[in-house]
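This report describes the empty spaces in one protein model and the parts of the chain around them. Please look at the sequence and the structure before reading on.

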Amino acid sequence: MTPASPLPELHRTHEVKNQPPPLPPHDAFAENRPLVEALEREGAAWAAGKLSGLGRIAGGVALEWGALANDFPPRLATHDRYGHRVDAVSYHPAYHELMRTSVEHGLQGGAWADSRPGAHVARAAGFITFSTAEAGHLCPISMSYSAVPALRATPELAQEWEPRLTSTHYDSRFLPAHEKTGALAGMAMTEKQGGSDVRANATVARPLAAARGQGAEYALTGHKFFCSAPMGDLFLVLAQAEGGLSCFVVPRFLPDGTKNRFFLQRLKDKLGNRSNASSELELDGTWARMLGEEGRGVPTIIEMVNHTRLDCVLGGTAQLRAGVVHALHHARHRSAFGRRLADQPLMQNVLADLCVESEAATVTALRLARAYDEASRGDARQVQFRRIATAVMKYWVCKRAPTHVVEALECLGGSGYVEESGMPRLFREAPVNGIWEGSGNVMCLDVLRAITREPGALEAFVAELEEGARLEPRLGAAVDGIKSELEDLSTAEVRARRIVERMALALQGALLLRHGHPEVAKAFVASRLAGDWGHAFGTLPRGTAFAAILERHAVQS
């Protein structure tokens, strides 16, 4: 008699046990309680319903779009099959779905066309929400949003381009902008020899007629080492005119509908941000119009840069939130040594510390967005506050994001190191906001420059700190320490990172004390301001209310 096959017994080893279920579809906005609270506090509660709709996309189908857009990155065709120059980048359909969703929700410029107070706050909350699903496509979204205030330096150009950039219709067709239902913007500042030192740029601008200055026509010749969003409809470009470094608007198509002399040499093979195309660009007699005053290129384009720096803060904040969501979900469903990970004291400490960092960034990001909102309505005090606060928080949030993501990845163990978890993509994405629009040193030196040249900006920033210092003596001591650091600016450059780090922590502490969850504020002050901390996440002191913090940040499942 033939014995029974042992295969059924062997198949039992394939039963899947003690593995977390997939992250369920969820509302990435509504379940982010610190973000919902900040939206209301900073004056944009009216946008909650629309943001919830975006949140359901971000916590659902957009996660799949994001994976596909990164697995199948953009491709450059310099020529067609017949040998004609085309200089066109193609994208996976999932990328276009991400772009369509962001544009339809006004993330690329809708705030400029919305007269309601809080429009920029609402847009910031949407940017954070959708960034948790996929960050790369938000580069052209950010460029388009940020180009609008720069274009206003020359009203004639703003009148032409602003309606296109604020349109909520995504039109990816490679056509002249006047034939499309909406437009997107890019930027080309840096060159091989200069990088952040844009005054070393060698691209030359030659006038095409007797007329010079704002709105006049020029031909640009040179090379750009990084051109962001190369399939945009217009680009802000720096070039050397007779009167010095100037800013120019370069469209992809000429007014007569023919292609401009805008030659894409290659796409950058980047560490992360792979859904987004970044290119090298050759300008060879490229038609352009001057934006702003001749020789004032940096002050003109800095309006764009300031807003993209805000988006770096928002993007970094989204990365912290994404790390928290994945780490908490895993820990609540995975057991080890007889208990769920989320119930084990040391893991609770790690998770709570990650949550504290995420909430501090969220509270600060939307406060910063309110400064931009009120500045756009003429509030001079908010202009001063954002001048320093943007650089401070761009430095700190972006500096914290990679370390935070690594710790969140480790919470998933070996599974977090596997591409399917999504954590490696988040890890590769984390450094980019700290590099783009000015690296850490550039930001810190910019803070010192503002302190030296614009005393009103420092006054506005310190006033924000002192609002919180009234509630907590330890924050008051931190503010006194910052003032002490700034007494001798002659040696400040070598201490710039130390100074800016202290400013960032003090601002986050002040805002949490005034507006955050009490237990989160308590943990932040103890671990970031009072000297009771370690050098890794998971070193919160005794007495921290871990359960209350974790419950506040978890996605319900």
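The text below goes from the whole protein to its pockets and cavities, and then to some single residues.

**Overall form**

The model is predicted. Its secondary structure comes to 19 helices and 11 strands. Along the principal axes, the C-alpha trace spans about 90 × 80 × 45 Å. A compact globule with 557 residues would have a radius of gyration near 24 Å, and the protein agrees with this because its value is 25 Å.

Buried residues make up 57% of the 557 residues. Among contacts with a separation of 6 or more, 73% are between residues 24 or more positions apart. The protein exposes about 23,000 Å², and carbon and sulfur atoms supply 54% of that area.

**Pockets and cavities**

Rolling a probe the size of a water molecule over the atoms shows where empty space is left. The structure holds three cavities of 30 Å³ or more. The table gives the lining classes of two pockets and two cavities.

| Space | Volume | Nonpolar lining | Polar lining | Charged lining |
|---|---|---|---|---|
| Largest pocket | about 1,400 Å³ | 21 residues | 13 residues | 15 residues |
| Second largest pocket | about 1,000 Å³ | 16 residues | 14 residues | nine residues |
| Largest cavity | about 220 Å³ | eight residues | eight residues | three residues |
| Second largest cavity | about 130 Å³ | eight residues | four residues | three residues |

The largest pocket has about 1,400 Å³ of space. It is lined by 49 residues, and those closest to its centre are Met189, Val305, Arg309, Glu437 and Gly438. Several elements each supply at least two residues of this lining, including strand S3 (185–188), strand S5 (217–228), helix H11 (380–411) and helix H14 (440–453). Helix H9 (297–333) is also one of these elements, and H9 gives the most to the lining, with eight residues.

Which residues lie nearest the centre of the second largest pocket? They are His326, Glu420, Ser421, Gly422 and Met423, out of 39 lining residues. Helix H4 (61–71), H9 and helix H12 (423–429) each supply at least two residues of this lining. H9 again gives the most here, with six residues.

The largest cavity has a volume of about 220 Å³. Of its 19 lining residues, Phe127, Leu138, Cys139, Asn433 and Trp436 are closest to the centre. The elements that give two or more residues to this lining are H6, helix H7 (138–151), H9 and H13. The greatest number, five residues, comes from H9.

The second largest cavity has a volume of about 130 Å³. It is lined by 15 residues, and Leu23, His26, Ala28, Thr132 and Val325 lie nearest its centre. The largest share of this lining also comes from H9, with four residues.

**Asn433**

Asn433, one of the residues closest to the centre of the largest cavity, is found in helix H13. Is Asn433 buried or exposed? Its relative accessibility is 10%, so Asn433 counts as buried, the cut-off being under 20%. Leaving aside neighbours within four places in sequence, Asn433 is in contact with Cys312, Gly315, Gly316, Gln319, Lys394 and Cys398.

**Helix H3**

Helix H3 covers residues 48–58, and its residues Leu51, Ser52, Gly53, Leu54, Gly55 and Ala58 are buried. What covers these residues includes helix H2 (33–41), H4, helix H5 (93–104) and helix H6 (119–131).

**Two residues with positive phi**

Most residues other than glycine have a negative phi. Ala229 has a phi near 55°, which is positive although the residue is not glycine. Ala229 lies in the loop between S5 and strand S6 (234–241). With 5% relative accessibility, Ala229 counts as buried.

Phe337 also has a positive phi near 55° and is a residue other than glycine. Where does Phe337 lie? Phe337 is in the loop between strand S10 (335–336) and strand S11 (339–340). Phe337 is exposed because its relative accessible area is 82%, the cut-off for exposed being over 50%.

Terms used:
Residues numbered from 1 in each chain as written. Predicted model: local features only at pLDDT ≥ 70, side-chain atom pairs only at ≥ 80, totals over all residues. Heavy atoms only, no water. 1 Å grid on protein atoms, 1.4 Å probe; cavity = no way out; pocket = protein on both sides within 12 Å on 5 of 7 lines; lining within 4 Å. Points joined across faces, edges and corners; volume = space filled by probe spheres on them. Nonpolar A, V, L, I, M, F, W, Y, C, P; charged D, E, K, R; others polar. Rg over C-alpha atoms; globule rule 2.2 N^0.38 Å. Buried < 20%, exposed > 50% of the residue type's maximum accessible area, 1.4 Å probe, protein only. Contact = heavy atoms within 4.5 Å. Areas by Shrake-Rupley, 256 points an atom, 1.4 Å probe, with all protein chains shown as cover.
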